[in-house]
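Please study the sequence and the predicted model shown below. The paragraphs that follow lead through selected features.

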Amino acid sequence: MVNITWLGHGTFALGVNGESIVIDPWLEGNPKFPSGFAFSRLDAMLITHGHFDHMASAIELAKKFSPKVIANYEICTWLESKGVANTSGMNKGGRQQAGALAATMTHALHSSSIQDGSNLIYGGEPGGYILHLPDGRNAYFAGDTAICSEMALYASIYKPELAFLPIGDHYTMGPEEAAHAARMLQVKKVIPMHYGTFPVLAGTPEALGAKLAGSGIEVWAVEPGKTVNW
Ligand code: NI
Ligand code: MN
């Protein structure tokens, strides 16, 4: 079983076998961050791409808790230059342990760059992760992406039962593409993310649900700060 806490936008805290894992940490400045939430430990950190809304809190959390930090090679190298230890850069198709989980890096159809002061630095390719749970189930964390045909491959290879999909539109896919993605992925449940943070991220779980009517796929709209079990 995994405990899932949405921290708003694309940021999630996962609890697995007593270990704590954060994905795409953006705490301070995140309009939907649940006040009162605080990490007490952090065993692993997964980053999908270099945009600030996915790693603005990475350096601070890494220095405080010394988790294993997983991202693409370029982001890990940049984090190391900022004093982050224990990074483990990887690339698409590779798999490695992230605390009690294993994570396979997947493709994403998006961009990736790192804001370093006034400079915009190349952030490697954007990605996502297949999360391999200790009980054998797999989940797919898409990161920021448009729909892409690789998702059909992930369905075939990994058979994820749960997908975390961006639905906000504008910077990522909206509900229409996300519904098609969910069907391609053949998942049972979708946790929508990357919506509602700013007015421009206008996609809603209700719109996704309408597009998935009759599919048997459940839209699991979790609330920031309310931990759910899967
Ligand atoms: Ni992005
Ligand atoms: Mn984003």
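Asp53 and Asp144 are both buried in this predicted model. For Asp144 the relative accessibility is 2%, so the residue falls under the 20% limit for buried residues.

Both residues take part in binding metal. The manganese ion (ligand 2) has as its protein donors Asp53 (OD), His54 (NE2), Asp144 (OD) and His194 (NE2), at 2.1 to 2.2 Å. Along the chain, these donors follow the spacing D-H-x89-D-x49-H. Distant parts of the chain are thereby linked: Asp53 belongs to helix 1 (residues 52-55), whereas Asp144, 91 residues apart from it, lies in the loop between strand 12 (138-141) and helix 4 (150-158).

Asp144 also coordinates the nickel ion (ligand 1), and the two ions are 3.2 Å apart. Around the nickel ion (ligand 1), the donors are His49 (NE2), His51 (ND1), His110 (NE2) and Asp144 (OD), at 2.2 to 2.3 Å. The angles subtended by these four donor atoms run from 90 to 175°, which makes the arrangement irregular. Their spacing along the chain is H-x1-H-x58-H-x33-D. His110 is found in the loop between strand 8 (101-107) and strand 9 (113-116), 34 residues apart from Asp144. His110 is partly exposed, at 24% relative accessible area.

Helix 5 (residues 175-185) offers a further view of burial. Its buried residues are Pro175, Ala178, Ala179, Ala181, Ala182 and Leu185. Seen down the axis of helix 5, they fall within an arc of 160°, so they line one face of the helix. The buried residues of helix 5 pack against several elements, including strand 12 and helix 4. After helix 5 comes Gln186, with a positive phi near 55°.

Technical notes:
Residues are numbered from 1 along each chain as its sequence is written. Chains are lettered from A and ligands numbered from 1 in the order in which they are written. This is a predicted model: local features need pLDDT of at least 70, side-chain atom pairs count only at pLDDT 80 or more; totals for chains, interfaces and linings use all residues. Side-chain values use heavy atoms; hydrogens and water are left out. Donors are N, O and S atoms within 2.8 Å of the metal (3.2 Å for Na, K and Ca); water is not among the atoms, so sites may look incomplete. Helices (H or I, at least four residues) and strands (E, at least two) are DSSP runs, numbered from the N terminus. Buried means under 20% relative accessible area, exposed over 50%, partly exposed in between (1.4 Å probe, protein chains only). The arc is that of the directions from the helix axis to the C-beta atoms. Contact means heavy atoms within 4.5 Å. Four donors count as tetrahedral if all angles lie between 85 and 135 degrees; four count as square planar and six as octahedral if opposite donors are over 155 degrees apart and all others between 65 and 115; anything else is irregular.
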